[in-house]
Structure formats: structure tokens, C-alpha cells
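Walk me through this protein model, please. I would like to follow the pocket, the charged side chains and the unusual backbone geometry.

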Amino acid sequence: MRVQSELAVSVRRGGEETFRGTLAGLIELGRLDPAAREAEQLDVPRASGDVVRLPVAELSEAAVSRRQLRLEGLPEDCLRLVDESRKGPVRFADRPALLPGETAEYPLPLELHVGRTMVLVALPESPRWLALRESRKSKGAEPVEVGRSRGSLLALFSKELIGTT
């Protein structure tokens, strides 16, 4: 059985895509953390050990925990989700909410909602992801890859993705 070590992630807020990239390892989604060792930016992933942290909510979104949700790729193209919060649930378009403290496993691709943010998680080679990637390339933006690959940290950010065009 092949464990999915890379996941394709797209983040949308207010109808606009704010991040799209491939992340490797455990992924943590949550609200910006002002106490983080290194300053965080909304929708900019940062690797720390074996975990990639992706802040998807502003400080003012009190319904989202700083460490809201952990994503882990599993064999059989599935995803384990752990709601690590004590606050609000993670919502889905097509299944019951994941309540604080709950764990669930779902097949990919998966669309979920953390506060006001929609997150799509897919396999990097899935047709849905490849179509999104091609539409982005036609606009001149490069994908983002963050994670560990043979001991080195990959981080390729498109200026458009981090808002510095």
C-alpha cells in the first residue's frame, strides 16, 4: 500500500483563490499564530520538522483555532483528518461536520471549510487538480511546493500567490 506523502491543496476565501500548491508530510491548518517563533503570513505554508503549517484564518476569526485541523495522507488515496480544536467544527459540502476532537478518514479529493475558508485537498495527479493547475499556468503563476524532499526544504513561491505582483 502506498502512503500519500504529497497532497495538492487549494485555499479559497471570499471567492478568490489565495493559495495553491503541493505540500508534503503532515499538514496543519489553523488561525494565524502571533506567538509563533517565526512570523506567519496568511496562506503561506511553513515547514517545521515533519509538519507543514498553513495559516488559513485571520487572527480575528475566533471560531477557528490556531491549530484547527491536521491532515495526513493515507494509503488507498485517503486522507485522515483530526480536528484538534476545542472551538468550532470543520464543515463539508457532502458529509456531516467533523466536531472538535474527532478524527475521520475520507477518500480524496475532499472539499472542507474552516471558518470562512474553503480548502480543496486532492492527489497531485488527480484530474481535478491537474485542471486547476493548468488554469493557473495559463495565468502565468507557478505552483508552490513545500515539504521535505531528501532532507532539503522545498519552497517555491509565486509572487502572485503571496500577493507581491
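A pocket, as the word is used here, is an open set of points on a 1 Å grid over the protein atoms alone, with protein on both sides within 12 Å along at least five of seven lines. Its volume is the space filled by probe spheres set on those points. The model is predicted, and its largest pocket holds about 200 Å³ of space.

The overall fold sets the scene. The protein chain contains one helix and 13 strands. Their order along the sequence is β-β-β-β-β-β-β-β-β-β-β-α-β-β. Of the 165 residues in the protein chain, 46% are buried. Among contacts with a separation of 6 or more, 51% are between residues 24 or more positions apart.

Back to the largest pocket. Its lining consists of Glu28, Ala36, Arg37, Glu38, Glu40, Arg46, Ala47, Ser48, Val51, Arg53 and Arg67. Sorted by class, these are seven charged, three nonpolar and one polar residue. Strands S4 and S5 (51–57) each contribute at least two of the lining residues. S4 gives the largest share, with three residues.

Which residues do salt bridges with shared partners join into one network? The salt bridge between Glu72 and Arg80 comes before that answer, with an N to O distance of 3.1 Å. Glu72 is partly exposed, at a relative accessible area of 25%, and Arg80 is partly exposed as well, also at 25%. As for the network, salt bridges with partners in common link Glu28, Asp33, Glu40, Arg46, Arg53, Arg66 and Arg67. Several names recur from the pocket: Glu28, Glu40, Arg46, Arg53 and Arg67 are among the lining residues. One salt bridge pairs Arg46 with Glu40, with 3.0 Å between the closest N and O atoms. Glu40 is buried, its relative accessible area being 16%.

Across the whole structure, the search finds 13 salt bridges. One of the pairs is Asp43 with Arg13, whose side chains meet with an N to O distance of 2.7 Å. Asp43 sits in the loop between strand S3 (26–31) and strand S4 (46–48), while Arg13 belongs to strand S1 (residues 6–13), so this salt bridge ties together parts of the chain that are 30 residues apart in sequence. Are the two partners buried or exposed? Asp43 has a relative accessible area of 5% and Arg13 one of 17%. The cut-off for buried is under 20%, so both count as buried.

Asp43 also has a backbone feature worth checking. Its phi is near 65°, which is a positive value in a residue other than glycine. Glu76 is another such case, with a positive phi of about 65° although it is not a glycine. Glu76 lies in the loop between strand S6 (69–74) and strand S7 (78–83). In accessibility the two residues fall into opposite classes: Asp43 counts as buried at 5%, whereas Glu76 is exposed at 56%. These angles are worth pointing out because most residues other than glycine have a negative phi, and most peptide bonds are trans.

The peptide bond between Leu108 and Pro109 is cis, with omega at about 0°. Pro109 is in the loop between strand S9 (103–107) and S10.

Strand S10 (residues 110–114) includes Glu111. The side chain of Glu111 is joined to that of His113 by a polar contact of 3.4 Å. Glu111 is partly exposed, with a relative accessible area of 26%. Asp94 is 17 residues from Glu111 along the chain, and the C-alpha atoms of the two are separated by 8.6 Å.

A last polar contact leads back to strand S1, where Ser10 is placed. The side chains of Ser10 and Glu17 make a polar contact at 2.6 Å. Ser10 is buried, with a relative accessible area of 3%.

Note on methods: Residues are numbered from 1 along each chain as its sequence is written. This is a predicted model: local features need pLDDT of at least 70, side-chain atom pairs count only at pLDDT 80 or more; totals for chains, interfaces and linings use all residues. Side-chain values use heavy atoms; hydrogens and water are left out. A salt bridge is a side-chain nitrogen of Lys or Arg within 4 Å of a carboxyl oxygen of Asp or Glu. Helices (H or I, at least four residues) and strands (E, at least two) are DSSP runs, numbered from the N terminus. Buried means under 20% relative accessible area, exposed over 50%, partly exposed in between (1.4 Å probe, protein chains only). On a 1 Å grid over the protein atoms alone, a cavity is a set of points where a 1.4 Å probe fits but cannot get out, and a pocket is an open set with protein on both sides within 12 Å along at least five of seven lines; lining residues have an atom within 4 Å of a point. Ala, Val, Leu, Ile, Met, Phe, Trp, Tyr, Cys and Pro count as nonpolar, Asp, Glu, Lys and Arg as charged, and the others, Gly among them, as polar. A polar contact is a pair of N or O atoms within 3.5 Å; within protein, one must be able to donate a hydrogen and the other to accept it, and residues adjacent in sequence count only if both atoms are side-chain atoms. Contact means heavy atoms within 4.5 Å.
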